[in-house]
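Visitor: I would like a close look at one part of this chain, taken slowly, and then a view of how that part sits in the rest.

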Amino acid sequence: MLTRPGVLLKKFGFEKVFLIVLLLLSFFVRVSGLGYSHYYGDEIKTLYLDKTVTASKFLLDQRKGPVQFIATWFMEKISGGYNEAWIRLPFTLASVLSVIVFYFVVKKLFGKNPAYYSSTIYAFSGFSVAFGRTAQYQSFLMLFGFLSILFILLSKERKKRIYLPAAAVFWVLSVYSHYDGVFFLIPAVLFYTQSKQDLVTFLKYFFLPSVLLLLPFYLPYILKGYLASNTVNYVSRRMSGSGYLPNNSAYTVGVYNPFNLFLILTLPGLISFFAKGDRKIYMVQIWFVAALGFYELVIKNPGTHIQNYLVPLIILSGYIISISGKYARLIASVLLPLYVGVSFYTFVPSLNTGYPWKQSSVLGLNINKIEKKYQLFLYGFPYNRGWDQIKVYFDNKDDVNGVYTNDNDSYADFYLRGFAYTRPGPNFLPLYYVHILDNQEIDNPKEDFLTANAPKYNLETEFYVADTKVSQIYKLVK
C-alpha cells in the first residue's frame with residue numbers, strides 16, 4: 001500500500017509535488033512574521049512620506065527606478081498607512097513568484113533535474129529570503145529579470161517572435177526596478193542570438209521596444225539632472241570604496257547563509273569551468289564571469305549586489321550536481337533539507353534566537369554573532385527593538401526637546417517623526433537619548449556620558465520584546 005507521499009507522487013507526479021512543496025516553503029519562510037521587524041533604513045527611503053512633494057518629483061528624485069516606490073505607495077493607499085507587513089507584502093509575493101519562474105528558466109535550459117537543485121538553492125539562499133522580507137527592489141528585479149529570460153527562451157524554442165516584445169517589457173520592468181537589470185541583458189543576448197539574422201530580429205523586436213519603453217522615465221531623469229545629482233556620486237563612492245569599510249564578499253555571503261552551506265552547494269558551479277560543457281553552459285558561465293568581474297573588480301564595495309553573479313552560479317551548480325555521480329547527488333540531497341532548515345531559523349522571527357546580532361544557535365548548532373570588520377549591509381533579519389513602544393512613550397510626554405540614538409538615524413527619523421531628532425553639538429545635548437541594544441550599527445558602542453565618571457543622563461525607562469530587554473531611554477540631568 002502506497003504511503004501518503006507515494007499517493008501524491010502517483011496522482012500528481014514528482015514535478016508538480018516538488019513545485020507545490022517549493023512554493024509553500026518559499027512562501028512561509030518569507031511571510032512568517034513579516035511585520036515583526038522594524039523597517040531597515042533603505043526600506044524607509046522607499047516610502048512616499050512627504051506629500052508636499054509631487055509624485056512625479058518624488059519618483060524622479062531617487063537613486064533607483066520607480067518600481068519599489070510605486071509598490072510601497074500602492075500598499076500605503078490600500079492599507080491606509082505604513083504597516084510593515086502590508087508594505088512588504090508585494091515584495092514577498094514577487095520573491096515567491098521569482099522562485100517558480102527561476103525553476104522554469106533552468107528547466108528550459110537544462111531540464112528538470114538541474115531545475116530541482118538550482119531552484120531549491122535559490123529559493124532558500126540568504127539574499128533571496130532576506131529581500132523577500134523587505135520592501136526593496138531586489139525581489140521585483142529578479143522576478144522581472146527571470147520572466148524576461150523565460151520569454152527569450154520560449155521565443156527561441158517555439159520560433160515565435162511575439163515572445164520577444166513580452167521579454168522586452170519584463171526586462172524594462174527589471175531596469176525600472178534597478179540598474180542591475182542591465183545584467184539580464186547578457187543572457188538575453190546570448191540565449192537568443194546564434195546568427196546574424198537572430199541579432200537583427202533581437203534588435204528589432206526586443207531592443208527597440210525596450211529603448212522606447214525606457215525613455216519616458218530615464219530621459220527626464222537624465223535631462224533634468226536627477227542622474228547627476230543622485231546617482232553618479234553614489235555609484236562613484238561604491239566604485240572607489242570611499243567612506244566604507246573593506247569589502248569581503250565571501251564574508252557577506254557567509255553572514256546571510258550561516259554554516260556556509262550555500263558556499264558548499266554552489267561550489268559545483270565553479271567546478272563547471274573544469275568540466276566539458278555545451279553552448280548553454282558556456283553562455284551561463286559568460287553571464288557569471290561578466291557580472292562577477294563588474295562587481296568584484298570595478299565596484300570596490302558591491303555589498304549585496306553580488307546576488308547578480310550568484311544567480312548564474314546557482315544555475316551552474318544545479319546542472320553539475322544533477323550530472324554528477326550518485327554520491328554527489330546523495331550529499332546534496334542530505335545538505336538541502338538542512339539548508340532549508342537553517343534558512344527558516346535564520347529569517348523567521350519565531351525561530352530566530354538572535355542571529356546575527358547575538359551569540360546564537362541554529363538547529364542546535366552554535367553560531368557566533370557577526371563582527372563589523374568588513375562592510376555589511378544587513379536586510380531581512382529579525383529586528384525589533386521596541387521603536388513602536390518608544391514612540392508611544394514620547395507621545396505621552398509634554399515636552400520632548402530633542403532626541404537621538406545610537407541606532408541608525410533613519411529609525412529615529414521615521415519612528416519618532418514629529419519629534420525633533422538631533423545629534424549632540426558642541427554646546428547642546430538633546431533632552432533624551434534612546435539606547436538600542438544590539439543595534440544596526442553592530443558594534444553597539446558605550447556612550448561616554450553613560451559611564452560613572454560623567455553621569456549627564458539618567459536611565460528613565462526600559463523596553464522589552466518577548467521578555468528580552470531591547471532598548472532604554474535616558475533623560476538629560478539638568
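Visitor: With which residue does E157 form a salt bridge in which the closest N and O atoms are 3.8 Å apart?

Guide: The partner is R158, and the closest N and O atoms of E157 and R158 are 3.8 Å apart. Please keep in mind throughout that this is a predicted model, and that the distances and areas I quote are computed from it.

E157 also takes part in another salt bridge, in which its side chain meets that of K108 at 3.2 Å, N to O. This pair links distant parts of the chain, since K108 belongs to helix α6 (residues 84-110) while E157 belongs to helix α9 (residues 138-158), and the two residues are 49 residues apart. As for accessibility, E157 is partly exposed, with a relative accessible area of 45%. R158 likewise counts as partly exposed, at 42% relative accessibility, and K108 is partly exposed with a relative accessible area of 28%.

A search of the whole structure finds 14 salt bridges, and another of them joins the side chains of K112 and E15, at 3.6 Å from N to O. K112 lies in helix α7 and E15 in helix α2 (residues 14-31), so this pair ties together parts that are 97 residues apart in sequence. The two ends of the bridge fall into separate accessibility classes: K112 is partly exposed, with a relative accessible area of 40%, whereas E15 is buried, at 17%, because the cut-off for a buried residue is under 20%. E15 and K112 are moreover linked with K107 in a network of salt bridges.

Following the chain onward from α7 (112-123), one comes to S125, which lies in the loop between that helix and α8 (126-131). S125 is buried, with a relative accessible area of 4%. If its neighbours within four places in sequence are left aside, the residues in contact with S125 are N257, F262 and Y339.

For the wider setting, UniProt lists residues 64-218 under "domain: Glycosyltransferase RgtA/B/C/D-like", in an unreviewed entry. Over residues 64-218 the chain is 81% helix and 0% strand, and the C-alpha atoms at the two ends of this stretch are 11 Å apart.

The domain assignment, for its part, divides the chain into domain 1 (13-347) and domain 2 (387-476). The centres of domain 1 and domain 2, taken over C-alpha atoms, are separated by 37 Å, and the contact takes 10 residues from domain 1 and nine residues from domain 2. Between them the two domains bury about 790 Å², of which 66% is on carbon and sulfur atoms. In contrast to the helix-to-helix pairs described above, the interface of domain 1 and domain 2 has zero salt bridges across it by the rule applied.

Finally, at the far end of domain 2 (387-476), strand β5 (residues 457-465) pairs with strand β6 (residues 468-476) in the antiparallel sense, over eight bridges. Y457 has L476 as its bridge partner in β6. The two strands form a hairpin with two residues between them, and A466, in the turn, has a positive phi of about 55°.

Methods:
Residues numbered from 1 in each chain as written. Predicted model: local features only at pLDDT ≥ 70, side-chain atom pairs only at ≥ 80, totals over all residues. Heavy atoms only, no water. UniProt positions renumbered as here; feature names shortened; annotations may be inferred. Helix = DSSP H or I, 4+ residues; strand = E, 2+ residues; numbered from the N terminus. Pairing = 2+ DSSP bridges. Buried < 20%, exposed > 50% of the residue type's maximum accessible area, 1.4 Å probe, protein only. Contact = heavy atoms within 4.5 Å. Salt bridge = Lys/Arg side-chain N within 4 Å of Asp/Glu carboxyl O. Domains from an automatic or database assignment. Buried area = accessible area lost by both parts, 1.4 Å probe.
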